[in-house]
Amino acid sequence: MEDSVLRERWIYRNGDFIRWEEATVHLMSHSFARGATIFEVIRFDATARGPAVFRLHDHIARFENSARLLAMRLPLDHDALCRAVAGTVARNGLESGIVKLVGYHAAPKLDVLPPEGALDLAVFALDPVADLGLSPFDFEAGVTAVVAETRKLDPRTVPIAAKAAAHYLNGMVAALEAKRRGADLAVLLDPEGFLAEGPTESLFLVSGGVLRTAPLGGVLDSITRRSLLEVARHLGIEAREERLPAERLLAAEEVFFANTPFQVIPVRRIEGRELPDAPGPVARRLREALRRIVSGREPAFASWLYPVSGA
Ligand SMILES: Cc1ncc(COP(=O)(O)O)c(C=O)c1O
C-alpha cells in the first residue's frame, strides 16, 4: 500500500473525519475476532457534473439488508448513510474511485453473541491505483479461471445474501486454490454442483446469444449483476437467471465475471479451454454501455447516479 498517499485520506467514522492511522479497532473487538462486519464496495466516477456514486441507493439498501439478516442495528437511516458516503468522497476531493462502507462492532467481546447496541460505521474513499498501487484492469487481456474444488457457502449455513466479512473465507480459500493452480480467478459451484460465482465476482456466460447467470439464493445480489441483466435487456440481449450445470462453461460462446471495480472481466481460458475471441461481442457491448452509464452519458440510466456535489 502506498502509505504516503493513504495518510492524506480522510476517513469517516461515526460522524467524524479521522486520519488513516486512526482508523483502527481492538484485537478483541467482536468484528475482528468473529468476523461480524458488514460492508459495501461502491464505485464513483467522473461525470460532466462532477463525481457521481453508482447506484448508491441500491448499495445502501443491500447494506441495510445485510444488517437485517444478521440482526444488526445501523446507527443512521438510509438518507444519512447516503450522505456519509457522498460526503466522504467530497471530503477527499476525488473524481473517481472506490468507496468501502463498513459496519462493525468495535466493542471487545469474547462471546460469540454480538455486543448490544448499534454498529459503528466507517467510510473510506480511495483511488485504487494511486492509493493502493493496484494496476489498472486490462479488459483486453482478460483473465484465466478454474473451477474450484471449494464449494460456495451453503445458504442453509449462513445468510449468504448478507455481505459480511466472515463469508469471505470461502472466497479466500477458492482464490488460493485458483492461484495454486496457476489461474487468476476461481469459479465456485454451489453445494449441488451448479455454477455459482467467483470469490468476489458474479459469473456470466453467453450461449445461443443469451446472457445467463445463476439465480439469486445461492449467490450475492451483486449490483453489477443486476445492472448487467437490466442493461442487456435494454440493449435487446435476452438475459436469463437460471441454474447452470458446470459443463455449460465448456460450451459457452463467452464467459465473464463481473463486479463493481472492474465491471466486466472477460475469461480467456477456463479449465484448459481457450476462448481466443475474448472479450466477446456481448462482453464488449455491456462494458461499453456500463462505462457510458457510470460517466453520465446515458440519459435512460441517469437515475442510477447519485451526485456527490452538495453532500
Ligand atoms: C461473492 C460476490 N459476488 C459478486 C460480487 C460482485 O458484487 P458487486 O457487483 O455488488 O460488486 C461480489 C463483490 O464483492 C462478491 O463478493
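## Briefing: two domains, a ligand shell and some unusual backbone spots

Setting aside residues up to four places away in sequence, alanine 46 touches Pro51, Glu95, Ser96 and Ser295; contact here is C-beta atoms, placed from the backbone, within 7 Å. This is a predicted model, so local features need pLDDT of at least 70 and side-chain atom pairs count only at pLDDT 80 or more, while totals for chains, interfaces and linings use all residues. Residue numbers start from 1 along each chain, following the sequence as written. Helices (H or I, at least four residues) and strands (E, at least two) are DSSP runs, numbered from the N terminus.

**Around alanine 46**

- You'll find alanine 46 in the loop between strand E3 (37-45) and strand E4 (52-54).
- Alanine 46 is partly exposed, because 15 other C-beta atoms sit within 10 Å; the scale runs from buried (20 or more other C-beta atoms within 10 Å of the residue's own) to exposed (12 or fewer), with partly exposed in between, all with C-beta atoms placed from the backbone.
- Serine 96 is 50 residues away from alanine 46 along the chain, yet their C-alpha atoms are separated by 5.5 Å.

**Two domains and where they touch**

- The chain splits into domain 1 (3-132) and domain 2 (143-293), with bounds that come from an automatic or database domain assignment.
- Between the C-alpha centres of domain 1 and domain 2 there are 25 Å.
- On the domain 1 side, 19 residues are in contact with twelve residues of domain 2.
- E3 and helix H3 (56-69) each put at least two residues into the side of domain 1 that touches domain 2, and E3 gives the most, with seven residues.
- That side of domain 1 is made up of nine nonpolar, five polar and five charged residues; Ala, Val, Leu, Ile, Met, Phe, Trp, Tyr, Cys and Pro count as nonpolar, Asp, Glu, Lys and Arg as charged, and the others, Gly among them, as polar.

**The ligand shell**

- There are 13 residues around the ligand, and Leu220, Ser222, Ile223, Thr224 and Thr260 come nearest; a residue is near a molecule if its C-beta atom, placed from the backbone, lies within 6 Å of it.
- Helix H7 (residues 223-234) gives the most to this shell, with three residues.
- By type, the shell has three nonpolar, seven polar and three charged residues.

**Helix H4**

- Helix H4 (residues 78-92) has 15 residues, so at 1.5 Å a residue it should span 21 Å, and its end C-alpha atoms are 22 Å apart, which agrees; the expected span is 1.5 Å times one less than the number of residues.
- The buried residues in H4 are Leu81, Ala84, Val85, Ala86, Thr88, Val89 and Asn92.
- Glycine 93, just after H4, takes a positive phi of about 60°.

**Helix H9**

- For the 14 residues of helix H9 (residues 281-294), 1.5 Å a residue predicts a span of 20 Å, and the end C-alpha atoms are indeed 20 Å apart.
- Buried in H9 are Val282, Ala283, Leu286, Arg287, Ala289, Leu290, Ile293 and Val294.
- These buried residues cover an arc of only 165° around the axis, so they are on the same side of H9; the arc is that of the directions from the helix axis to the C-beta atoms.
- As general background, an α-helix has 3.6 residues a turn, so residues three or four places apart point the same way.
- Just after H9, glycine 296 has a positive phi of about 75°.

**Backbone spots to look at**

- The peptide bond from alanine 278 to proline 279 is cis, with omega near -5°, and proline 279 lies in the loop between strand E15 (273-274) and H9.
- Glutamine 263, in strand E14 (residues 263-270), has a positive phi near 65° despite not being glycine.
- Glutamine 263 counts as buried because it has 24 C-beta neighbours inside 10 Å.
- Leaving out neighbours within four places in sequence, glutamine 263 is in contact with Thr224, Ala258, Arg287 and Leu290.
- Arginine 287 is 24 residues from glutamine 263 in sequence and 6.9 Å from it in space, C-alpha to C-alpha.
- Glutamate 271 is another residue other than glycine with a positive phi, near 50°, and its place is the loop between E14 and E15.
- With 14 other C-beta atoms within 10 Å, glutamate 271 is partly exposed.

Definitions and conventions
Two residues are in contact if their C-beta atoms, placed from the backbone, lie within 7 Å.
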